[in-house]
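Biologist: I'd like a close look at one part of this protein, please. Take me through it slowly, as you would at the bench.

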Amino acid sequence: MHRFWLLAGAAGLVSASAFRIGVVAGLGGSYPGFMLVYLSPAPLFAAALGLGGSASIVAAAAGAVPVVLTGGIPAGLGYAALAAVPAAILGRQAMLSRSNAEGGVEWYPPGALAGWLCGIGAVAFTLLCALLASEPAGLSGTVHEMLTELAGRMQFAEDDRQLFIGILHPVLPGTAVAFLMLVQVVNGALAQWLLSVANRAIRPAPDFGALELPGWIATAGAAAALAAVVLGGEFGYFARNLVIVAAVPFFLQGLSVVHVLARRTGGGAMILAVFYVTLIVLGWVAVVLVLLGLVEQIVGLRRRMNSVNRT
């Protein structure tokens, strides 16, 4: 028991240190150093996957205390939103299990985790929009003002400034939250991989190719898309960006289809490596993956491929 508390507390302190160092580096203009902020959830996930689900909650609380003491309430809220709360919830859920009919262990499925990720993202997005909407310019106007200020700092020419604002303004809140949702996925996968290498992981790595999303995600995404088309003004702006948040699980499901296709070739690892490099370089590939995930949800591409192979 002492080992549990010690390791969980240490994980929280490592996470808090990464967050605070990253924030200070970012304020000092060191963007590579700021990347530590995005890695701060990894120790919390490692606590859950290596010690048990409750360890992520202990680690998150242990990390929040020094962040608040050294950075104040705003820093604490930032740490809670970017690391502590998502990692604590997802880490706990990931460690749920039950016995199956064969007497083995059935772990919490990755599709259900994607559902929790979507719910966390939707709540975070709503709170962010409520905060921005409380400003005098409203939600859309405040985002426009922020982009205008950022473009001024980057010293864009007038045409480039208008292009920059025109591209980002319609999708910035949803894209920002979607990015942070994917940060949680990367940190969870990183923690699982490190623990597996060290032979310290409690649960086996989830089969990413078997990811199946709950049906409610498609329903929620369709409702948000309909609202984005029908509604105008601030509500339409909110709904349009909410669609981006709801698209993240389908992006992950699209990736799972790619993983299954790669397995069916002789050079699966190489194909995946090339694909991920292409995804990073060509951002529009993410949209293709979302569409692929939607098709998988409707048609069941992986199931059809398995049926063809059996015949």
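Which helices each supply at least two residues of the nonpolar patch?

Modeller: Keep in mind that this is a predicted model. The helices you're after are helix 2, spanning 31-39, and helix 8, spanning 172-197; each of them supplies at least two residues of the nonpolar patch. Helix 8 is the top contributor, giving four residues. The full set making up this surface patch is Ile21, Leu36, Leu39, Leu190, Trp193, Leu194 and Val197, and together they make about 650 Å² of nonpolar surface.

Now zoom in on one of the patch members, Val197. That residue lies in helix 8. Its relative accessibility is 59%, so Val197 counts as exposed, the cut-off for that being over 50%.

Since you work at the bench, you may also care about the cysteines, so let's move over to those. The disulfide count for this model is zero. Cys118 is in no disulfide, as the nearest cysteine sulfur, which belongs to Cys129, is 14 Å away. Seen from the other end, Cys129 is in no disulfide either, with the sulfur of Cys118 as its nearest cysteine sulfur, 14 Å away. A pair would have to come within 2.5 Å to be called a disulfide.

And how do these two cysteines sit? Cys118 has 7% relative accessibility, which is under 20%, so Cys118 counts as buried. Cys129 is buried too, because its relative accessible area is 4%. So picture Val197 as exposed, while Cys118 and Cys129 are buried.

Conventions:
Residues numbered from 1 in each chain as written. Predicted model: local features only at pLDDT ≥ 70, side-chain atom pairs only at ≥ 80, totals over all residues. Heavy atoms only, no water. Buried < 20%, exposed > 50% of the residue type's maximum accessible area, 1.4 Å probe, protein only. Patch = residues over 30% accessible without salt bridge, like charges linked within 9 Å, V, L, I, M, F, W, Y side chains within 5 Å. Areas by Shrake-Rupley, 256 points an atom, 1.4 Å probe, with all protein chains shown as cover. Salt bridge = Lys/Arg side-chain N within 4 Å of Asp/Glu carboxyl O.
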